[in-house]
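Here are my notes on this one, jotted down while going through the fold. Have a look at the structure first, then follow along point by point.

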Amino acid sequence: MSGKGLSIAVDLGTDLAITISSWVGFYLIRGGRFRRAVEQFLATQLVSGLLAYATFGYRVSPGDSILIITLALGGLMLGRRALWIIYLSILLIFATGMTSDYLHAPAQTRSVFAAYNALLFRTFSYALIAIILDRSIGALRDALAESDMHRQLLQLEMAERERTQEQLLHSQKMDAIGRLAQGVAHDFNNVLNVILGFTRERYRMDEPEAQPNADTQALANSLRGVETAAKRAHDISRRLLNFSRNDATDIQTIDLVEAVRDMRLMLHQLFSSSVHLDIQVPDETVLIKFDASQFTLAILNIASNARDAMPSGGTFGMMVTRAGPATVELTLCDNGVGMSEEVRTRIFEPYFTTKPIDRGTGVGLTVAYNIVRSVGGYISVQSRIGNGTSFRIRLPVIA
């Protein structure tokens with residue numbers, strides 16, 4: 001192939017390569033691979049420039065504005081490392097073009113100094129351009145990093161404001177619930193006082209002239225149970241009355257075993273006859289620090305969920321076991337419908353409930369969780385759909 005034919009082939013080939021590279025870059029950008037698109041386009045530009053300078057020489061080649069654009073585009077899009085790699089590639093292209101001029105010059109007029117005298121100027125001029133771009137890119141990246149940091153701080157601040165707003169709304173809801181509970185508990189307390197007044201009539205059975213038979217004695221025992229339950233309910237209503245007052249918890253030393261045994265009668269009334277109670281406690285005294293009325297409230301909240309999980313009957317168990325020299329574990333379990341993993345992880349969230357709107361508020365288990373945590377205890381739940389639910393409460397033991 002003649003020199004003219006080679007020049008035409010190189011000219012057309014480089015133009016075609018750049019055109020194809022542009023369309024490939026457009027396709028890659030549409031696919032989300034922006035960096036890959038820029039890399040292949042700049043590589044095509046540099047290779048085409050190398051072929052053009054090797055074919056036409058340095059003196060005949062058109063101006064190097066394309067190479068400057070390539071240098072700037074690479075630095076801005078690919079970073080500082082790519083900037084200096086392109087800078088060295090451009091120097092190689094210039095050296096190749098000057099070498100082509102040197103080889104094509106007549107032998108008698110060849111001069112190394114004349115052929116490469118512009119390389120030193122190009123080296124420094126392009127180095128100056130690269131340094132300016134490098135500094136500009138560094139400043140731009142620092143500004144972007146600072147902007148991104150401010151954006152993240154703003155997002156954190158917005159998230160914190162949302163959490164504060166949610167806490168405020170929750171506080172307002174709890175205040176409203178407390179005011180409502182005060183009115184309900186006040187009326188409920190009046191009814192309990194009437195019940196307690198009637199149950200005290202059973203003490204007439206202890207008078208010397210009384211002649212009880214089996215039926216009256218059974219009735220007296222029932223009244224004793226009613227009195228015990230009413231006293232417990234009276235304690236709970238007292239807690240409701242003080243709910244919105246932020247009063248101090250009445251922490252006292254109680255026997256966990258005795259407290260669990262005393263729950264049997266109330267649980268019998270809570271569950272239907274189709275539910276079997278299985279209460280297992282050791283024959284020893286296990287002393288813990290707890291508010292007795294809060295203990296009852298926590299157990300009833302968990303038991304009421306177990307009741308709803310066993311609409312057709314089943315077994316509800318309470319078991320007290322030692323979990324260590326200074327820890328006791330209270331397990332409350334049922335063989336009801338169970339719950340999914342998604343529900344289990346959210347079971348203690350305030351106002352989270354899977355019950356219909358007229359059957360649940362989503363605060364019962366949250367109250368139980370907060371009660372246990374307030375005395376230094378820990379509560380966890382295990383459940384699987386169809387395999388029931390088990391609540392494990394660990395509490396510190398008093399020596």
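1. Let me start with one pair in the sheet: histidine 276 sits opposite threonine 315 in β4. One caveat before going on is that this is a predicted model. The strands behind that pair are β2 and β4, which run parallel and are joined by 6 bridges.

2. Zooming out, what is the strand order of the open sheet? Reading across its 5 strands, you get β2-β4-β5-β7-β6, and the pairing is mixed. The edges are β2 (275–280) and β6 (378–383); each has a single partner strand, so one side of each has no neighbour in the sheet. On average, neighbouring strands are turned by 15 degrees against each other, ignoring direction.

3. Next, β4 and β5. Their pairing is antiparallel, with 8 bridges, and the two form a hairpin with 2 residues between them. Valine 320 is a handy marker here, as it stands opposite leucine 330 in β5.

4. Leucine 330 is worth keeping on screen, since across from it in β7 stands isoleucine 393. So you can walk from valine 320 to leucine 330 and on from leucine 330 to isoleucine 393. The two strands, β5 (residues 327–334) and β7 (residues 389–396), pair in the antiparallel sense over 8 bridges. Aspartate 334 is another residue to click on, with threonine 389 in β7 as its bridge partner.

5. On the other side of β7 comes β6, and this pair is antiparallel with 6 bridges. Tyrosine 378 faces arginine 394 of β7. β6 and β7 also make a hairpin, this one with 5 residues between the strands. Do check glycine 386 in that turn, where phi is positive at about 90 degrees.

6. Which strands does α8 lie across? The helix covers β4 (314–324), β5, β6 and β7, and its direction is at about 30 degrees to β5. Two other helices that pack on α8 come next.

7. One of them is α7. Helix α7 (residues 256–270) and helix α8 (residues 292–309) have axes 11 Å apart and pack at an angle of about 45 degrees, which makes α7 oblique to α8. The crossing of α7 over α8 is right-handed. On the α7 side, the contact includes Leu256, Val260, Met263 and Leu267, and on the α8 side Phe295, Ile299, Leu300 and Arg307 are among the residues they meet. By class, this contact comes to 11 nonpolar, 2 polar and 1 charged.

8. The other is helix α10 (residues 364–374), which packs against α8 at an angle of about 140 degrees, the axes being 9 Å apart. Here the crossing is left-handed. What does α8 bring to this contact? From α8 come Gln294, Leu297, Ala298, Asn301, Ile302 and Asn305, and they meet Gly364, Leu365, Val367, Ala368, Ile371 and Ser374 of α10. The class split is 7 nonpolar and 5 polar, with no charged residues.

9. Now for a helix pair earlier in the sequence. Helix α2 (residues 34–56) packs with helix α3 (residues 65–78) at an angle of about 155 degrees, and their axes are 10 Å apart. The two are therefore roughly antiparallel to each other, and their crossing is left-handed.

10. As for what fills the contact of α2 with α3, the α2 residues include Phe34, Val38, Phe41, Leu42, Leu46 and Tyr53, while α3 offers, among others, Ile66, Leu67, Leu73 and Met77. Arg35 and Glu39 of α2 take part as well. In all, this contact has 11 nonpolar, 3 polar and 2 charged residues.

11. Last, the charges. How many salt bridges does the structure hold? The count is 11. One to look at joins the side chains of aspartate 148 and arginine 151, with N to O at 2.3 Å. Both residues belong to helix α5 (residues 112–199), where they are 3 residues apart, about one turn of the helix.

Definitions and conventions. Residues are numbered from 1 along each chain as its sequence is written. This is a predicted model: local features need pLDDT of at least 70, side-chain atom pairs count only at pLDDT 80 or more; totals for chains, interfaces and linings use all residues. Side-chain values use heavy atoms; hydrogens and water are left out. Axes are lines fitted to C-alpha atoms, for helices over the stretch in contact, and angles run from 0 to 180 degrees between N-to-C directions. Helices (H or I, at least four residues) and strands (E, at least two) are DSSP runs, numbered from the N terminus. Angles under 35 degrees count as roughly parallel, over 145 as roughly antiparallel, 65 to 115 as roughly perpendicular and the rest as oblique. A crossing is left-handed if the near helix is turned anticlockwise from the far one by less than a right angle, and right-handed if clockwise. Contact means heavy atoms within 4.5 Å. Ala, Val, Leu, Ile, Met, Phe, Trp, Tyr, Cys and Pro count as nonpolar, Asp, Glu, Lys and Arg as charged, and the others, Gly among them, as polar. Two strands pair if DSSP finds at least two bridges between them. A salt bridge is a side-chain nitrogen of Lys or Arg within 4 Å of a carboxyl oxygen of Asp or Glu.
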